Amino acid sequence: MTNEFLTNEEKQAIKVLNFIATYDGLIQSEDEIKYLLNQGIKKFIPKKRRHLVSINEDTYPIEVKY
């Protein structure tokens, strides 16, 4: 059994994405926020570790959890 985890750089990328998602004036709709977060995950989180993160739509603002 291997322990899977995100690197510090990947965690930092998620923090930046969550920070960006808080700008209501810049990003007008939840769909835009979800799209932005999904694209950020695809860009900054390797495919083999994407299952370790998810977009939590039950919070305000929407955020990525790890």
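**Buried, exposed, cis: asking for reasons**

Guide: Let's start with E10, which is found in helix 1, residues 8-21. Keep in mind that this is a predicted model.

Visitor: Why is E10 called buried?

Guide: The relative accessibility of E10 is 5%. Buried means under 20%, so at 5% E10 gets that label.

Visitor: Which residues does E10 touch, leaving out those up to four places away in sequence?

Guide: The list is F5, F44, I45, P46 and R49. A touch here requires heavy atoms within 4.5 Å.

Visitor: P46 is on that list. Where does P46 lie, and what makes it partly exposed?

Guide: P46 lies in the loop between helix 2 (30-44) and strand 1. Its relative accessible area is 29%. Partly exposed covers the range between the 20% and 50% cut-offs, so P46 at 29% belongs there. As for distance, P46 and Y35 are 11 residues apart along the chain, and their C-alpha atoms are separated by 17 Å.

Visitor: Back to helix 1, where K11 is found. Why is K11 called partly exposed?

Guide: K11 comes out at 29% relative accessibility. The buried label needs a value under 20% and the exposed label one over 50%; 29% meets neither condition, so K11 counts as partly exposed.

Visitor: What does K11 touch, not counting residues up to four places away?

Guide: L6 and Y66. There's also a C-alpha distance involving K65: K11 and K65 are 54 residues apart along the chain, with 9.7 Å between their C-alpha atoms.

Visitor: What about Q39: where is its place, and why is it called partly exposed?

Guide: Q39 belongs to helix 2. With a relative accessible area of 34%, it falls between the 20% and 50% limits, so the partly exposed label applies. From Q39 to Y66 is 27 residues in sequence and 16 Å in space, C-alpha to C-alpha.

Visitor: Now for N56, in strand 1 (residues 54-56). Why does N56 count as buried?

Guide: N56 has a relative accessibility of 19%. The buried label asks for under 20%, so N56 qualifies.

Visitor: What makes the pairing of the N56 side chain with the backbone nitrogen of D58 a polar contact?

Guide: A polar atom of the N56 side chain lies 2.9 Å from that backbone nitrogen. The distance cut-off for a polar contact is 3.5 Å, so 2.9 Å is within it.

Visitor: Which residues is N56 in contact with, leaving aside its neighbours within four places?

Guide: I62, E63 and K65. For K34, what I can give you is a C-alpha distance: 9.5 Å from N56 in space, at 22 residues apart in sequence.

Visitor: Where is P61 found, and which kind of peptide bond runs from Y60 to P61?

Guide: P61 is in the loop between strand 1 and strand 2 (63-65). The Y60 to P61 peptide bond is cis, with omega near -5°.

Visitor: Zooming out, how many helices and strands does the protein chain have?

Guide: Two helices and two strands, in the order α-α-β-β along the sequence.

Visitor: What makes the protein chain as compact as a globular protein of that length?

Guide: Its radius of gyration is 12 Å, and the globule rule gives 11 Å for 66 residues; the two values are close, so the description holds. The C-alpha atoms fill a box of roughly 45 × 20 × 15 Å along the principal axes.

Visitor: How much of the protein chain is buried, and how much of its accessible surface belongs to carbon and sulfur atoms?

Guide: Buried residues are 30% of the 66. The accessible surface is about 5,000 Å², with 53% of it on carbon and sulfur atoms.

Visitor: And how many positive and negative side chains are there?

Guide: There are 10 positive and 10 negative ones, with the centres of the two sets 10 Å apart.

Conventions. Residues numbered from 1 in each chain as written. Predicted model: local features only at pLDDT ≥ 70, side-chain atom pairs only at ≥ 80, totals over all residues. Heavy atoms only, no water. Helix = DSSP H or I, 4+ residues; strand = E, 2+ residues; numbered from the N terminus. Buried < 20%, exposed > 50% of the residue type's maximum accessible area, 1.4 Å probe, protein only. Polar contact = N/O pair within 3.5 Å; in protein donor to acceptor, adjacent residues only side chain to side chain. Rg over C-alpha atoms; globule rule 2.2 N^0.38 Å. Areas by Shrake-Rupley, 256 points an atom, 1.4 Å probe, with all protein chains shown as cover. Lys, Arg positive; Asp, Glu negative; His and termini not counted. Charge placed at Lys NZ, Arg CZ, Asp CG, Glu CD.
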